[in-house]
Each structure stands twice: as C-alpha cells, then as structure tokens.
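Here are my notes on the model you sent, set out as numbered points. Please read them with the structure open.

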Amino acid sequence: MQKSDGTTIAVAKWSAFGCICFGLWSGMIIGFITEYYTSNKYGPTLSLSAACKRGPAPNIILGLALGYVSCIIPILCLTATIGYAFANAGMYGVGLAALGMLGSLPVALSIDGYGPISDNAGGIAEMSGLPSQIRDKTDALDAAGNTTAAIGKGFAIGSACLVGLALFGAFITRIGQSAVDILQPTQFCGLLVGAMLPYAFSALTMKAVGDAAIEMVDFIVADYQKGERAIAAGGKYEPDYDGCIKISTEASLKKMIAPGALVIGAPIIAGFVFGPHATAGVLAGNIVSGIQVAFSQSNSGGAWDNAKKEVEIKKTQFRIKAENEGQDLVKLRLEWARLLAFQFTGEKDANGLDVVNTNTSEFNQQRYDEIKEWMERDTQLREQHIASIVGDTVGDPLKDTSGPAINILIKLSAITSLVFGNYLAHYHIFGNPSKPATELKYLLQRCNNVNDNPNTSTYIMKQCNEFIANGYFGWDNTTFNKIDRIDRAIIG
C-alpha cells in the first residue's frame, strides 16, 4: 500500500479487518448516542418537553444546546476511527472504515423507512375520522419512528465524513500532491470558505422550506375562505389538495437549484481561479464544518419532534383521566370561559384591585373552585403543546432537509473535485504552473527562482528532479551535482 507521501507500507489482513471493525463500531456508537439524545425515553428530550412549560423560547434554546452537545461523542468516534485506519493502512484504511460503517446499511435503511410509514399511518387515521385511541397508538409509533430516522441519519453523516475524507485523499493524489499545508495563504483561505459552505447551504435549504410553507399557508387560508363563501351561497366545498401538492413539488425542484449549484460550483470555481490548493482547502473545511452542522441539526430536530410527542402523550393521559372521572373537557372549557368572563365586575376597589362579581347568576364561585384544578392543568398542557409545536416547526427543516442534505454537500463536492482534479492542476488563472522547460537554461532559471511563488514551488522542484534523474539534455545526477551553480539552485 502506497501512502500519499510516496512511502510504501504493508497492510496486514488483520489491520484491514481492524479498520472495518472500527468503522462498524463507530457507526453503532453513533446510533446509540443519537437514540439517547432524540428518544423521548431519555433525559435530554424529556427536559425539552418540560422546558415547554415556560414557553417556546426555552425549548428552542435547550434544543439548540442539545444538538451541539450531541456532536461530541460521534466526532470523537470518527476521530479515533480515522486515526487508527490512517495509521495502519493510510487512505485505504479510511475507505475500509467507511465500508465497515456502511456494512449495517440495510438495517439503517429499514429503520429510516419506519418513521415515514408510522407518520403516514397517523395521518390516515386522523383523516379517516378514527377514534382518538387509534391516533394515540400511531403517535407512539411515530415517536419511535422519529428516533429510528435520526439513527439512520447518524449513520449517513458518519459515513459521509469517512467517504469524503477518502475522496479528498484521492483528489490530493490526482493533483500530484502529498499533503495540504494550511499555513499557506491559498490553502487557509480555501479552508475558511469551505467551512462556510455548510452554513450557506443550510441557509438556502431552510429558506426554501420557509418560503414554500408561507406560500402554502396563504393558499390554504384563501382556499378555506373561498369554501366558506361557497357554503354560505348554498354550494359545497372540497379542499384543493392538488394546489398544496403543486406548491410543494415546485418548491422542491426550483428552490433546490441554488443549493445544487453551490455544491458543484464552489470547489470548481475555487480551483479554476486559485488552483487545486484552494480546492483542497475548500474540501477540508467543508468536511470539518459540515459534519458538525449535520449532526447538530439532525439531532436537534429529532429531539424537538419527540418533545412534542411527549407533550401529546401527557395530553392524552389527562384526557383519559378526565373521561374516567366523568368529566367532559369540551363542555368544561366552555363553562370555564364563561366563568372567567364574569369573574370580575370591571370595577376597582380602594387598593386598585379588581372587584369580584358576587352575582351568582353570572358568576358561580363554588363551580369555579370545583373545575379550577382541571382547567388550569388543561390550559397548562395546551400552552405546553403550543410551545412544543413551535420547536417542532423549527426542527422539521433542520432534521428533514438541511441536516441530511449536508451529506450530499460533502460527498458531491469531493467527487466533483476529483473528476476535475487533473484539469484544475494545470489550468487555472492565478498560480498556474508553467509548461515544462524544453531547454536547460530555462530549467536552471526556474530552479533559481523556485521559491518566488509558493503555489508552484513544489511542482517546479518535482520537474527539476525528474529532468535530472532522467538524464535530459545529456546530464545525469553525477555531472549535475558537480556544477556549483546548479547545485546551489537545487538547495535554494
């Protein structure tokens, strides 16, 4: 096995097997960590549902923090995997580790499909007008589906890191280099741009979802008002489902053009303008930044969704308790609203406090005290549910659009750069390496000026050494080293 620096290492079969096992176990650990942070059976998501008692803001803040902290262990697992694989088998080992992580792909795909199936089952149950008990069961299945979907995304994100790194190594080999020196200005600038790309990509995809959602809400409101007018005129109203589907379909196609162009265009443009070193920096920054963003967005979105499910479970338990004790919550809410409306007379006492209405025909204090506990709990759960819905609305574009799509950003950028790597190495605007020298005097001139341009120094020195080693112009290494002038040029 030849490493990127030109040295050759022997890869034993057990070392290769170890790389595969490292990738497999890293994927398993990432799956367990994802389940811990997104399932409503564990503390992180339960804390989000409890935070909804204080409104949407604490839910959003804690959900973002949950996504950030959930990156720590998966990143450490990937770091250990890459370190072991590269030390024992170079980039070949990294590729084997990626293969090991993808070895559980059939299971990941099956659990990833569980979520949409259970979610659609709940939607069908609700649209069919089935009893609330059926919807309670589908909600429990949907909560489990959210967790399994997050686990599948964790596998995909982890494998994207390893596959992207392997493709990155192939790109470095394609452009004739052995390493990326981030202390050079071109590489470091490319690194910063690459680290920015996942954020720009996420912004484009999230804006696409938000714009389409606003357009769909406006369409539904207009269609509903149209139906009300039709019913008032004695006609019938049938919701325009096709209009909603059209809005969603057109947005998913048209609004993804810009993110797609960013994925393909950024590394190519960077390489065409500033050379392959800039593209190398872009790819490195893209991988390092994209993995963090993808993990945090996917886990935050899954936790927000399951926090909403946990609140809905508590609402269901409260409804069942009320039914068992003979309380009709719908009627109690109407009665409670009337009592609140007539609780005070509208006047103020000497201390500036509201005067309680003592007219029993309008306000019954005894009945107020009887249903107060029920209605306060009902109001608390409804407000908690609203806060959880806000969190889920924020989390849906993160876990269903931006987070998983960053995998495509990482892999496709690396593949595109690899395909165009040889072209970018020889044809770009700034720092373009000169054509091979055809006369010895031009070769000597370039060797003397080898350090003038850091972007081309490695290429020129490689060319000089090859010319000498191959005995071009009748010179060989022995003769060449006897000439002080040329010897000094090689030393620099």
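1. Helices here are DSSP runs of H or I with at least four residues, numbered from the N terminus, and it is in this sense that Gly326 lies just after α10, where this glycine takes a positive phi of about 75°. Please keep in mind throughout that the model is a predicted one.

2. On the chain as a whole, the secondary structure comes to 17 helices and 2 strands. Of the 492 residues, 40% are buried, and the area that the chain exposes is about 26,100 Å², of which carbon and sulfur atoms supply 63%. Among contacts with a separation of 6 or more, 79% are accounted for by residues 24 or more positions apart.

3. Helix α10 covers residues 276-324, and its 49 residues reach 71 Å from the first C-alpha to the last, which is close to the 72 Å expected at 1.5 Å a residue. That agreement in span should be read together with a bend of about 25°, which α10 makes at Gly290.

4. How much of α10 is buried? The count is 38 of its 49 residues, so the helix is largely enclosed by the rest of the structure.

5. Helix α12, which spans residues 365-419, contains Asp392. Is this aspartate buried or exposed? Its relative accessibility is 8%, and because buried means under 20%, Asp392 counts as buried. When its neighbours within four places in sequence are left aside, Asp392 is in contact with Trp304, Asp305 and Lys308; the numbering of α10, residues 276-324, takes in these three partners.

6. A nonpolar surface patch of about 1,200 Å² deserves a separate remark; its members are Ile264, Phe272, Phe274, Ile408, Leu412, Ile415, Val419, Phe420, Tyr423, Tyr427, Ile429 and Phe430. Which helices each supply at least two residues of the patch? They are α9, residues 257-274, and α12, with α12 giving the most, at 4 residues.

7. One of the patch members, Ile264, is found in helix α9. Its relative accessibility is 40%, and because partly exposed covers the range between under 20% and over 50%, Ile264 counts as partly exposed. Helix α12 therefore deserves inspection at two places, since it holds the buried Asp392 and also supplies 4 residues to the nonpolar patch.

Note on methods
Residues are numbered from 1 along each chain as its sequence is written. This is a predicted model: local features need pLDDT of at least 70, side-chain atom pairs count only at pLDDT 80 or more; totals for chains, interfaces and linings use all residues. Side-chain values use heavy atoms; hydrogens and water are left out. Buried means under 20% relative accessible area, exposed over 50%, partly exposed in between (1.4 Å probe, protein chains only). Contact means heavy atoms within 4.5 Å. Accessible areas come from the Shrake-Rupley method with a 1.4 Å probe; for residues, only the protein chains shown count as cover. The expected span of a helix is 1.5 Å times one less than its number of residues. The bend at a residue is the angle between axes fitted to the seven residues ending there and the seven starting there. Patches are made of residues with over 30% relative accessible area and no salt bridge: like charges are joined within 9 Å, nonpolar side chains (Val, Leu, Ile, Met, Phe, Trp, Tyr) within 5 Å. A salt bridge is a side-chain nitrogen of Lys or Arg within 4 Å of a carboxyl oxygen of Asp or Glu.
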